[in-house]
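Hi,

Here is the structure I promised to pass on to you. Have a look at it first, and my notes on what I found follow right after.

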2 protein chains.
Amino acid sequence: MSERDDAPHDFSRAVLQPVSGYQAVAGFLRREMALGRIRPGDRLPPERRLAEQLGVSRETLRQALRILEGSGQIVISRGASGGAIVQDAALDPRLIREEVRTRSAEIGELTEFRSIVESGGAALAASRRSDADLEAMALAQRDLAAAVTKAESRIADTDFHIALAEASGNSFVRDAVEEARVRMFEPVDLMSFDFVKESSWAAHEQILDAVRRGDGEAADAAMRAHLRTTREEFTRVVES
Amino acid sequence: MSERDDAPHDFSRAVLQPVSGYQAVAGFLRREMALGRIRPGDRLPPERRLAEQLGVSRETLRQALRILEGSGQIVISRGASGGAIVQDAALDPRLIREEVRTRSAEIGELTEFRSIVESGGAALAASRRSDADLEAMALAQRDLAAAVTKAESRIADTDFHIALAEASGNSFVRDAVEEARVRMFEPVDLMSFDFVKESSWAAHEQILDAVRRGDGEAADAAMRAHLRTTREEFTRVVES
DNA sequence: GCTAATGGGCTAGAAAGTAGACCATTAGCC
DNA sequence: GGCTAATGGTCTACTTTCTAGCCCATTAGC
């Protein structure tokens, strides 16, 4: 075995910060929003029901809702058919550009990581996809084509990538894709880029076609090309 | 946009279980052991110091130590130069085989995921590795060659894969490799397989050689071949 | 105007974590 | 043998967080 330091272990950098219940709940809901499983206009279940589903007390859930309310992600109203309505957070483009610039190193690494995982996932999907998988991807493509707002484009884009990851049949691939996506979009809450909708749609179409044909190598290459374009788009934003 | 269900969201399956502080600390320490950053024979820092480094109170840390003590991973003694000594958990091979059989589906997916991420990481490492990276990998190889016990082999193997992931220069790749490794080895604490030491060493050598030459494609292919062998080894264990 | 559904708010208590003090044990040195 | 320092063992008082349960306030629809 290699020479081990006799110096005592140093875990000073291992922060291990405690996440209180209400923070965990707020984080969970934000994540669901970032992944588009909860979308602008949706109404959350009543507090009592949601609290039970999440396995926390109502007070804890309410603290989480206060956080989301504070950041403008939900609006809460009282009375019958009241409740928490998810908002469409239309961020100032200047804020987004600033955010991308601040996190440019992280976003670059993230895109590189996505390229590895998603191209591998696409190759797997080419040999495993079911008809339902293909239909889910095709639906996301139709949504992307029909998207008008930036938020709609982003959601349809997410749907496509998640559906593809799901089609890979590997739960670790799917989780990694989800996690990377959350890391990319969650921090600024619905951050979106001036990505060219048409070019994304065309790239997805190529990927989908390769997956449909069962051509793993082509699917792999198409996904890599797609995310290379994405990365170049980020660079463009940072330098603009 | 696609037709959204009007039915209320259902988060019943989102368990979101609270992780208390002592569980988080115990998990952290187990993780460090699984990754070989804490090794059999090592002595943990004194409670007061470790608690401060981890940012928890001493009582909380002590509860975590009780858990590790209970599972036989550490032995605690009192007095000057006392403390917690990490144990070498030599598991019964029958238990290991049973564990692998129970988790065979998960381990299969995990190895597939590793193959994707680590081959991509190897390709990156080929173009980015520093001399220090190469030296770390070479050291792990020397350790593997010199390993006598199973635990030593496993640690040297981990060292190699982590050093390679580090050399990729992508922190998400490194984290994913660590995480996959923990998932593979942590649950049964130092689970190890009857993997052929020599074949692993030879495979590593091929990877290292490709990384040294800066040949990304070869590094990618060599890593995929290596993990294919690993997977076949698992299959063999399951079927034996 | 009644009713039901919904969020708002309060209290009492349990559970977990913290901070600090002091005790018990042990190795090493004189 | 005894002293000292380092270490784990134990206890208490306090704070924060979470829970459970109850009732109030508001509102849409009949």
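Let me start at DNA strand C. The element with the largest share of the surface near this strand is α3(A), which supplies four residues; "near" means that a residue has a heavy atom within 4 Å of the strand, and helices (H or I, at least four residues) and strands (E, at least two) are DSSP runs numbered from the N terminus.

Before going further, some housekeeping: this is a predicted model, in which local features need pLDDT of at least 70 and side-chain atom pairs count only at pLDDT 80 or more, while totals for chains, interfaces and linings use all residues. Residues are numbered from 1 along each chain as its sequence is written, chains are lettered from A and ligands numbered from 1 in the order in which they are written, and side-chain values use heavy atoms, with hydrogens and water left out.

Back to strand C. At least two residues each of the surface near it come from α2 (47–54), α3 and β1 (74–77) of chain A, and from α1 (21–34) and α3 of chain B. There are 26 residues around DNA strand C, and the nearest are A:Arg58, A:Glu59, A:Arg62, B:Gly21 and B:Thr60. Of the strand's atoms within 4 Å of the protein, 67% are sugar and phosphate. By class, this surface has six nonpolar, nine polar and 11 charged residues (nonpolar: Ala, Val, Leu, Ile, Met, Phe, Trp, Tyr, Cys and Pro; charged: Asp, Glu, Lys and Arg; polar: the others, Gly among them).

Some polar contacts (here, pairs of N or O atoms within 3.5 Å) are worth finding on screen. A backbone N or O atom of A:Glu47 is 3.0 Å from a phosphate oxygen of DNA strand C. The side chain of A:Arg78 has an N or O atom 3.3 Å from a base nitrogen of DNA strand C, and a polar side-chain atom of A:Arg78 also lies 3.4 Å from a sugar or linking oxygen of DNA strand D.

On DNA strand D, the largest share of the nearby surface is four residues from α3(B). Among the residues that come nearest are B:Glu59 and B:Arg62. B:Glu59 places a polar side-chain atom 2.7 Å from a base nitrogen of this strand, and B:Arg62 places one 2.7 Å from a phosphate oxygen. The surface near strand D has six nonpolar, 10 polar and 11 charged residues.

How do the two protein chains relate? A rotation of 180° with 0.1 Å of shift along its axis superposes chain A on chain B, with an RMSD of 0.1 Å (least squares on the C-alpha atoms of residues with pLDDT of at least 70 in both). The copies are therefore related as by a two-fold rotation axis. In chain A, the residue closest to that axis is A:Val117, at 3.1 Å (C-alpha).

Two smaller details to finish. In chain B, β1(B) and β2 (residues 83–86) run antiparallel and are joined by four bridges, with B:Val75 partnered by B:Ile85. Five residues separate these strands in a hairpin, and B:Gly79 in the turn has a positive phi of about 85°. In chain A, A:Val86 sits in strand β2 and is buried, with a relative accessible area of 4% (buried means under 20%, with a 1.4 Å probe and protein chains only). Its contacts (heavy atoms within 4.5 Å) beyond four places in sequence include A:Met33, A:Ile38 and A:Leu44.

Best wishes

Terms used:
Polar contact = N/O pair within 3.5 Å; in protein donor to acceptor, adjacent residues only side chain to side chain. Pairing = 2+ DSSP bridges. Buried < 20%, exposed > 50% of the residue type's maximum accessible area, 1.4 Å probe, protein only.
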